[in-house]
Amino acid sequence: MKSKKIYVTRPSLPPLEEFLNYLEDIWETKWLTNNGKYHREFEEKLAEYLGVNFVSLFANGTLALITALQVLKITGEVITTPYSFVATTHSLFWNSIKPVFVDIEENSFNIDPEKIESAITPKTTAILPVHVYGYPCNIEKIQEIADIYGLKVIYDAAHAFGVKVKGHSIAEFGDLTVLSFHATKVFTTFEGGAIISHDEKIKKRIDFLKNFGFAGETKVVQPGINAKMNEFQAALGLLQLKYIEDNIKKRKKIANLYRKKLKGIRGIKYFEDKKDVKHNYSYFPILVEEDYSISRDELYERLKSNGFYVRRYFYPLISEFSPYKSLPTSDRDNLKNAYEISRKILCLPIYPELEEKEIERVVELIILYNKR
Ligand SMILES: *Cc1c(COP(=O)(O)O)cnc(C)c1O
């Protein structure tokens with residue numbers, strides 16, 4: 001059976017007619033970018049949805065990360081995780097900051113707060129953790145360490161749109177939180193991103209920096225960049241807000257169905273929802289353990305040949321890529337948990353329009369290849 005290809009994710013888009021209304025208006029007004037009315041409206045509505053005070057929209061998440069580091073004038077060394085998408089560490093590199101990798105927790109995919117302290121040197125200025133798969137980091141412990149050592153905390157929340165912890169938006173924590181609205185993320189504006197800040201003055205400086213550093217027609221406050229979100233992205237964002245809750249509900253249903261069907265399969269481990277967390281079900285990670293009949297990579301290949309384009313997020317680790325592999329903290333012994341998990345991880349397809357029969361089929365195959 002060679003049917004259609006099922007990817008790990010697929011963007012959800014609003015009805016085209018709804019977007020056409022916005023396009024017609026943009027054509028009429030000829031206001032395409034630079035803080036247009038849709039940009040302003042989306043910023044406001046997004047802050048409301050997320051339950052935060054200050055949102056600054058960006059062209060994409062990577063530029064938002066790079067700018068976040070610039071805004072706080074982060075230099076020297078920054079403690080971060082190797083278990084993420086490369087953009088996390090690239091944002092440090094683009095700021096001439098030395099990444100210091102710290103291992104992840106054995107039972108989560110996030111940076112291990114217990115191992116942060118011993119990685120701090122006189123050059124350390126900040127911590128850049130990632131809420132991987134939208135699973136919240138140990139926010140309290142990280143903040144405690146940051147307070148003791150006078151470090152800034154910037155969260156890469158590219159996976160964590162809409163996630164809440166004990167009723168609070170995950171974007172409330174740390175000095176700054178960065179979001180991505182890339183096509184593969186839970187909430188998309190084609191490409192896009194944002195920085196969440198907690199202080200009006202900081203928000204102002206973020207907005208200067210994403211527009212070449214301009215603070216008025218004749219004043220440049222800092223060498224900035226062009227990282228502005230355009231009106232088309234903002235218009236899509238406004239529409240997407242109408243559908244996001246429904247989409248997350250559909251994702252939750254899929255996650256629960258996977259759990260029901262994967263239950264009891266030898267060598268396959270999956271994860272339950274965490275207490276006090278409103279999840280966004282951005283990914284459905286499983287671990288292919290040693291007692292599964294074939295290797296993770298074999299399973300990956302076989303699922304692919306059946307049309308299921310599952311992904312090994314995150315393999316290889318960022319610390320294994322050539323720009324970073326010779327850093328002292330990239331040593332495999334320093335990153336044992338991350339290394340092990342990266343060899344077992346597989347992300348199964350999850351997106352609102354994924355059909356039940358497709359979920360059933362992928363689980364059937366996982367069972368089929370487990371026969372000795
Ligand atoms: C997607 C992603 C980014 C980059 O966001 P873009 O909008 O694609 O630039 C950064 N960090 C993580 C963890 C991501 O998954």
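1. Start with the bend in helix H7. H7 turns by about 50° at tyrosine 243. Keep in mind that this is a predicted model.

2. Now take the length of H7. The helix covers residues 231–262, which makes 32 residues. From its first C-alpha to its last, H7 reaches 43 Å. At 1.5 Å a residue, 46 Å would be expected, and the value found is close to that. Read this span together with the bend at tyrosine 243.

3. Look at both ends of H7. At the start, asparagine 230 offers a side-chain oxygen to the backbone nitrogen of phenylalanine 232, and the two atoms come within 2.9 Å. Just after the helix, glycine 264 has a positive phi of about 80°.

4. Which residues come nearest to the ligand? They are Gly61, Thr62, Asp156, Ser180 and Lys185, out of 14 residues around the ligand. Two helices each give two or more residues to this shell: H3 (61–71) and H4 (87–93).

5. Next, check the polar atoms around the ligand. In threonine 62, an N or O atom of the side chain is 2.6 Å from a ligand oxygen. In aspartate 156, a polar side-chain atom lies 2.7 Å from a ligand nitrogen. In histidine 159, an N or O atom of the side chain is 2.8 Å from an oxygen of the ligand.

6. How much of the ligand does the protein bury? The protein buries 93% of the 380 Å² that the ligand exposes when taken alone. The ligand sits in the largest pocket.

7. Two cis peptide bonds deserve a look. One runs from tyrosine 313 to phenylalanine 314, with omega near 10°. Another joins tyrosine 315 to proline 316, and here omega is about -10°. Where are these residues? Phenylalanine 314 belongs to the loop between strand E14 (308–309) and helix H9 (336–342). Proline 316 is also in the loop between E14 and H9.

8. Finally, turn to phenylalanine 190. This residue is not a glycine, yet its phi is positive, at about 70°. Phenylalanine 190 lies in the loop that links strand E9 (176–180) and strand E10 (193–197). Set it beside glycine 264, which follows H7 and also takes a positive phi.

Notes
Residues numbered from 1 in each chain as written. Heavy atoms only, no water. Helix = DSSP H or I, 4+ residues; strand = E, 2+ residues; numbered from the N terminus. Expected span 1.5 Å × (residues − 1). Bend = angle between axes of the 7 residues up to and from the residue. Polar contact = N/O pair within 3.5 Å; in protein donor to acceptor, adjacent residues only side chain to side chain. Near = heavy atom within 4 Å. Areas by Shrake-Rupley, 256 points an atom, 1.4 Å probe, with all protein chains shown as cover. 1 Å grid on protein atoms, 1.4 Å probe; cavity = no way out; pocket = protein on both sides within 12 Å on 5 of 7 lines; lining within 4 Å. Sits in = over half its atoms within 2 Å of the grid points.
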